Amino acid sequence: FPDTNWVVYRLNTAQSANTARQIAVNSVTVPDNFPQLGFKITCYVWKSDVLVEVVNFNTTTVSGTISGVGIVVDQQALVRNRVNTEFQVGFTTGHIVPSGGSIEIRFPTGFKPHANCQSISGAGSKLTSTTGRVACTATNSSWVLTNFVKLAASSTVQVYGLVDLPDTSGVTESLGIYTYTNQVDDLSVNGRKIDEVASGYTFTISTWDTLSLDTS
């Protein structure tokens with residue numbers, strides 16, 4: 001009964017107590033927003049219209065991985081305190097991202113991304129919207145993308161925007177990319193994660209300072 005999320009399995013012969021019985025369900029349709037946390041299945045055992053037992057099962061978690069990460073930035077522009085630095089970040093999703101979900105591109109600590117980054121359709125990005133443009137907000141050190149149509153599994157995403165660089169030099173933390181089934185203020189705490197990549201993409205910020213020229 002898909003409308004009520006019930007699967008009914010009826011036994012035609014008596015079943016002894018405390019005896020395991022393998023029950024096969026041919027297929028179950030899971031929602032588009034199936035998160036890594038999985039979900040709970042409840043089994044109700046009835047005998048002659050009397051409920052005799054309730055058993056709970058937790059599904060195996062999804063191990064979602066974002067692949068094909070590519071970052072385009074002018075290496076000579078990676079100097080401390082530089083503002084309006086152009087970044088292009090590309091990747092491939094692992095699983096479906098629903099239209100009510102979100103994508104977070106989390107820069108290392110000290111980076112300050114500008115809002116209104118853009119999906120680059122000319123570079124093959126499948127991130128599109130039917131109600132204007134894809135929304136891009138800047139929260140802490142992250143770009144958060146919403147207002148897009150459902151992304152199929154293995155979709156290419158290409159995002160372009162401006163970022164102010166930190167005031168310290170050296171090798172940074174890793175850039176992280178995450179997809180979620182929901183849209184909340186604090187995704188790192190309350191986001192229902194689908195796919196992620198959280199390591200392997202660092203930057204080296206030079207000790208050089210940007211010039212502050214007197215325009216006169």
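**Exercise 1. Find the residues with the most contacts inside the largest nonpolar core, and the strands that supply it.**

Start with the core itself: the largest one has 29 residues, and Phe87, Ile105, Trp143, Leu145 and Ile177 have the most contacts inside it. A nonpolar core here is a set of buried Ala, Val, Leu, Ile, Met, Phe, Trp, Tyr and Cys residues joined through side-chain atoms within 4.5 Å. Buried means under 20% relative accessible area, exposed over 50%, and partly exposed in between, with a 1.4 Å probe and protein chains only.

Next, look at the elements: strand E6 (85–92), strand E7 (102–106), strand E11 (142–146) and strand E12 (156–164) each give two or more residues to this core. As background, nonpolar side chains in soluble globular proteins tend to be buried together.

A word on the model before going on. This is a predicted model, in which local features need pLDDT of at least 70 and side-chain atom pairs count only at pLDDT 80 or more, while totals for chains, interfaces and linings use all residues. Residues are numbered from 1 along each chain as its sequence is written, and side-chain values use heavy atoms, with hydrogens and water left out.

**Exercise 2. Trace what Ile105 and Leu145 touch.**

Take contact to mean heavy atoms within 4.5 Å, and leave out residues up to four places away in sequence. For Ile105, the partners include Val89, Phe91, Trp143, Leu145, Val159 and Ile177.

Now turn to Leu145, which is found in strand E11. At 1% relative accessibility, Leu145 counts as buried. Among its partners are Ile103, Ile105, Cys117, Leu127, Val134, Cys136 and Val159. To finish, check a distance: Leu145 and Thr215 are 70 residues apart in sequence and 37 Å apart in space, C-alpha to C-alpha.

**Exercise 3. Describe the setting of Thr42.**

First, place Thr42 in strand E1. Then read its accessibility: 29%, which counts as partly exposed. Its contacts, not counting residues up to four places away in sequence, are Val54, Val55 and Asn56. Finally, Thr42 and Val189 lie 147 residues apart in sequence, with 27 Å between their C-alpha atoms.

**Exercise 4. Examine the positive phi values of Asp49 and Asn140.**

Recall the background: most residues other than glycine have a negative phi. Asp49 has phi near 65 degrees, a positive value. This residue lies in the loop between strand E1 (40–47) and strand E2 (50–58), and Asp49 is exposed at 74% relative accessible area.

Asn140 also has a positive phi, about 55 degrees. Look for Asn140 in the loop between strand E10 (135–139) and E11; Asn140 is exposed too, at 73%.

**Exercise 5. Decide whether the chain is spread out or compact.**

Begin with the secondary structure, which comes to 1 helix and 16 strands; helices (H or I, at least four residues) and strands (E, at least two) are DSSP runs numbered from the N terminus. The radius of gyration is 24 Å, well over the 17 Å that the globule rule gives for 216 residues, so the chain is more spread out than a compact globule. That radius is taken over C-alpha atoms, and the rule is 2.2 Å times the number of residues to the power 0.38.

Then compare the box: the C-alpha atoms fill roughly 95 × 35 × 25 Å along the principal axes. To round off, buried residues make up 32% of the 216 residues.
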